[in-house]
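Q: I'd like to learn how to read a two-part protein model with a bound ligand. Could you walk me through it?

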Amino acid sequence: MIRWEKLNDVNKKYFQMFYSNLKELEDTGLYTMGKNVEQFENEVKEYIGTKYAVACGNGLDGLTLAIKSLDIPKGSEVIVPSNTFYASVLAILRNGLVPVLCEPNINTYNIEIENIKKLVTPKTKAIMVVHLYGNVCDMDSINQFAKENNLYVIEDCAQSFGATYKGRMSGNLSDVGVFSFFPTKNLGGIGDAGMIVTNNEKIYEYTKLARSYGGANYNYEIEGINSRMDELHAIFLKEKLKDIEKINEVKIRNANLYLKNIKNENIIFSEDTPDSKNVYYIFPIRCKRRDELKKYLYDNGVEALIHYPIPLHKMPVFKDKYGVCEVAEEISATELSLPCSAAHTEEEILRVIELINDFK
Ligand SMILES: Cc1ncc(COP(=O)(O)O)c(C=O)c1O
């Protein structure tokens, strides 16, 4: 079976080093927010190119704190894609704000300025872009519009570590960016972890304080949360970060093999944003007969997944609040994610291609 994800194969190398560094934890007894977390923050900010980086427990907390740092009045609206993962929207809700679902471009899967503009009201205070599947949004037009209309821009970069737009890293293209290091991500760890990156000192100071209850030495200045990063995650992630370019290059090679060799009129590829580097967190295709194709691949030894099977507006948590989001529904009904990890070999990808080309 060609699995969709091959985490242990990708991570084998980093585990070896991880074990040899664990002794340090035993010696120092510093298990959270120690020297390794600080080093990892420094290395991430250097790689992304921002002035600041704040480690936290996971991507959802990072997004929640990033939004909170903007001090937006309760009840204000935040524009967010209708086809994103639930965490993007949940982070907005956790701040007492109102998510306004924006339909994406069906070909890039990302939100664009024309649709964003239609949703702006006097209550809109921010736009949360999501660089979905590793493809960066067209940020110049969004930033320009946000500037003219006094709106914050937040980047949900959970799926785009190492992706670039006009030569700049995702995360460094807005007021504040947030990464997730959940195991399946391009820079995936061995548990939950996340990182906030920004060039804004106020956002930095606030999020740094807020991730650790809101103070230090038993003296609390604000109402924060407990979202520390464990040293063991930082030890592992620091080592993997050294290889992130190589990891992304293999994913891009696999994606290019698909793009070049799949020849089947039932299959629709996505489009990259101009001047960007897509890091293919997943490799998405669309197919009208998606469920049939998924089963056919599985019966022939290939696992493929759907991102995401239920669009946000149809989830029980929102009841019928959002009406119809046709584009999100279309993506949800036709999208299929093919195996595309850094551990998939060329032979495995060619086997998937052969099967898809034979799907009639
Ligand atoms: C688009 C998006 N946003 C936010 C998150 C939340 O990250 P985490 O699972 O680390 O909380 C994820 C990942 O799971 C994601 O894919």
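**Reading the model**

A: Gladly, starting with the domains: the protein is divided into domain 1 (7–241) and domain 2 (244–357), with bounds that come from an automatic or database domain assignment. This is a predicted model, where local features need pLDDT of at least 70, side-chain atom pairs count only at pLDDT 80 or more, and totals for chains, interfaces and linings use all residues. Residues are numbered from 1 along each chain as its sequence is written, and side-chain values use heavy atoms, with hydrogens and water left out.

Q: How many residues does each domain bring to the contact?

A: Contact means heavy atoms within 4.5 Å. Here domain 1 gives 43 residues and domain 2 gives 39 residues, while their C-alpha centres lie 24 Å apart.

Q: What is the area buried between domain 1 and domain 2?

A: Buried area is the accessible area (1.4 Å probe) that two parts lose on being put together, summed over both. In this model it is about 3400 Å², with carbon and sulfur atoms giving 60%. On the domain 1 side, Y109, Y133 and N186 lose the most area to domain 2, together 21% of what that side buries.

Q: What is the count of polar contacts and salt bridges between the domains?

A: A polar contact is a pair of N or O atoms within 3.5 Å; within protein, one must be able to donate a hydrogen and the other to accept it, and residues adjacent in sequence count only if both atoms are side-chain atoms. A salt bridge is a side-chain nitrogen of Lys or Arg within 4 Å of a carboxyl oxygen of Asp or Glu. Between domain 1 and domain 2 there are 23 residue pairs in polar contact (both at pLDDT 80 or more), but zero salt bridges.

Q: Where does the structure have salt bridges, then, and why might one pair be worth a look?

A: Side chains of opposite charge can pair when their charged atoms come close. The structure holds 20 salt bridges. In one of them, E303 pairs with R3, their closest N and O atoms being 3.2 Å apart. E303 lies in the loop between α10 (290–299) and α11 (326–334) and R3 in the segment before α1, so the pair ties together parts that are 300 residues apart in sequence. Helices (H or I, at least four residues) and strands (E, at least two) are DSSP runs, numbered from the N terminus.

Q: Which residues are closest to the ligand?

A: A residue is near a molecule if one of its heavy atoms lies within 4 Å of it. Of the 14 residues that surround the ligand, the closest are G59, L60, D156, Q159 and S180. A backbone N or O atom of G59 sits 2.8 Å from a ligand oxygen atom. Polar side-chain atoms take part too: that of D156 is 2.6 Å from a ligand nitrogen atom, and that of S180 is 2.7 Å from a ligand oxygen atom.

Q: Which backbone details should I check?

A: Most residues other than glycine have a negative phi, and most peptide bonds are trans. D71, in the loop between α3 (59–68) and β2 (77–81), has a positive phi of about 55 degrees although it is not a glycine. A cis peptide bond joins H307 and Y308, with omega about 15 degrees.
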